[in-house]
Amino acid sequence: MGQTLWTAVDAYISEHISGDDPVLGAAVAASNAAGLPALSVAPNQGKLLQLLARCVGARRILEIGTLGGYSTIWLARALPADGHLISLELDARHAEVARSNIERAALSERVQIRLGAALDTLPLLQKELEAPFCFTFIDADKANIPEYFDWAVKLSRPGAMIVVDNVVRKGALIDAHSGDENVVGVRRLHEALANDQRVSATTLQTVGVKGYDGLTLAIVN
Ligand code: SAH
Ligand code: DHB
Ligand code: MG
């Protein structure tokens, strides 16, 4: 039991539940062809993000970490016609591929990609009155996760949901002596959550095509 089985089960789930979607398929193909790293959420995780965004009736969505826009497309499809998604991305090449994928998905009117380090672009969202957001997906560099989470809370409306990807890291989450900055990032997130009265949160371990990892889900009080 292990990765081979997890991958096969994810393939089965995706075939039955997230369906064969030519636009998402083309986004993956274009991202691979452009040499982007294969770090997008799995199809069933993309669908989960979409369902959660619908659950909170999201009209404004914030994403931190666009890559080729795969998760962006799943999330933007949860929006009503007048809804809006802002996705923050550091790498200009990733943003370019994402814009093209989002254009193909006919979502350009609802999606804005902002180039730059998220810690620089997040404060601008507050100033420009783009907030409050109803849903935030945090999926950029892992070292800064606690800072992104803090911004997400500040930029959220009450009842908003915040989802953080890659928080279990093959179980390294419980390694108090880890020198890996990604692990330090997810541990700092959990230490902050233990005392954060602004949110109610949980973390789920996950297995699948992306290995053994986990998601943190929080609702802003
Ligand atoms: N959410 C995407 C995957 C994102 S991969 C999906 O599921 O489809 C992580 C992305 O975060 C990469 O594109 C990387 O360039 C970007 N990133 C890394 N550091 C960043 C930073 N400081 N600010 C904004 N984006 C960053
Ligand atoms: C990494 C980033 C991701 O967003 C992900 O889903 C998996 C791995 C990484 O930077 O290693
Ligand atoms: Mg991720």
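The exercises below, each with a worked solution, concern a predicted model.

**Exercise 1. The magnesium site**

Find which residues coordinate the magnesium ion (ligand 3), and state where the two aspartates lie.

Solution.
- Step 1. The magnesium ion (ligand 3) is held by Asp139 and Asp165 through OD atoms and by Asn166 through OD1, at 2.1 to 2.2 Å.
- Step 2. Along the chain, these donors are spaced as D-x25-D-N.
- Step 3. Aspartate 139 sits in the loop that runs between strand E4 (133–138) and helix H7 (145–154), while aspartate 165 belongs to strand E5 (residues 156–165), so the pair ties together parts that are 26 residues apart in sequence.
- Step 4. Buried means under 20% relative accessible area. Aspartate 139, with 14%, is therefore buried, and aspartate 165, at 3%, is buried too.

**Exercise 2. The surroundings of ligand 2**

List the residues that surround ligand 2, then give the distances from its oxygen atoms to side-chain atoms of aspartate 139, asparagine 166 and lysine 210.

Solution.
- Step 1. Leu39, Asp139, Lys142, Asp165, Asn166, Arg169 and Lys210 surround ligand 2.
- Step 2. Among these, Asp139, Asp165 and Asn166 also coordinate the magnesium ion (ligand 3).
- Step 3. For aspartate 139, an N or O atom of the side chain is 2.7 Å from an oxygen atom of ligand 2.
- Step 4. For asparagine 166, the corresponding side-chain distance to an oxygen atom of ligand 2 is 2.8 Å.
- Step 5. For lysine 210, a polar side-chain atom lies 2.3 Å from an oxygen atom of ligand 2.

**Exercise 3. Ligand 1 and leucine 67**

How many residues surround ligand 1, and is leucine 67 buried or exposed?

Solution.
- Step 1. Ligand 1 has 22 residues around it, the closest being Val41, Ser71, Glu89, His94 and Asp139.
- Step 2. Serine 71 places a polar side-chain atom 2.8 Å from a nitrogen atom of ligand 1.
- Step 3. Two contacts use the backbone: an N or O atom of leucine 67 is 3.3 Å from an oxygen atom of ligand 1, and one of leucine 90 is 3.2 Å from a nitrogen atom of ligand 1.
- Step 4. Leucine 67 belongs to the loop between strand E1 (60–64) and H4. Its relative accessibility is 14%, so leucine 67 counts as buried.
- Step 5. Most residues other than glycine have a negative phi. Leucine 67, not a glycine, has a positive phi of about 50°.

**Exercise 4. A second positive phi**

Locate lysine 170 and decide whether lysine 170 is buried or exposed.

Solution.
- Step 1. Lysine 170 lies in the loop between E5 and helix H8 (181–193).
- Step 2. The phi of lysine 170 is positive, near 55°.
- Step 3. Exposed means over 50% relative accessible area. Lysine 170 has 72% and is therefore exposed.

**Exercise 5. The two pockets**

Describe the largest pocket and the second largest pocket by volume and lining.

Solution.
- Step 1. The volume of the largest pocket is about 730 Å³. Its lining has 35 residues, and Leu39, Asp139, Ala140, Asp141 and Lys142 are the closest to its centre.
- Step 2. By class, that lining holds 14 nonpolar, 11 polar and 10 charged residues. E7 gives the largest share, three residues.
- Step 3. The second largest pocket has about 400 Å³. Of its 24 lining residues, Leu24, Val28, Val41, Pro43 and Tyr70 are nearest the centre.
- Step 4. H2 gives the largest share of this second lining, six residues. The classes here are 14 nonpolar, seven polar and three charged.

Conventions:
Residues are numbered from 1 along each chain as its sequence is written. Chains are lettered from A and ligands numbered from 1 in the order in which they are written. This is a predicted model: local features need pLDDT of at least 70, side-chain atom pairs count only at pLDDT 80 or more; totals for chains, interfaces and linings use all residues. Side-chain values use heavy atoms; hydrogens and water are left out. Donors are N, O and S atoms within 2.8 Å of the metal (3.2 Å for Na, K and Ca); water is not among the atoms, so sites may look incomplete. Helices (H or I, at least four residues) and strands (E, at least two) are DSSP runs, numbered from the N terminus. Buried means under 20% relative accessible area, exposed over 50%, partly exposed in between (1.4 Å probe, protein chains only). On a 1 Å grid over the protein atoms alone, a cavity is a set of points where a 1.4 Å probe fits but cannot get out, and a pocket is an open set with protein on both sides within 12 Å along at least five of seven lines; lining residues have an atom within 4 Å of a point. Grid points are joined across faces, edges and corners, and a volume is the space filled by probe spheres set on the points. Ala, Val, Leu, Ile, Met, Phe, Trp, Tyr, Cys and Pro count as nonpolar, Asp, Glu, Lys and Arg as charged, and the others, Gly among them, as polar. A residue is near a molecule or strand if one of its heavy atoms lies within 4 Å of it. A polar contact is a pair of N or O atoms within 3.5 Å; within protein, one must be able to donate a hydrogen and the other to accept it, and residues adjacent in sequence count only if both atoms are side-chain atoms.
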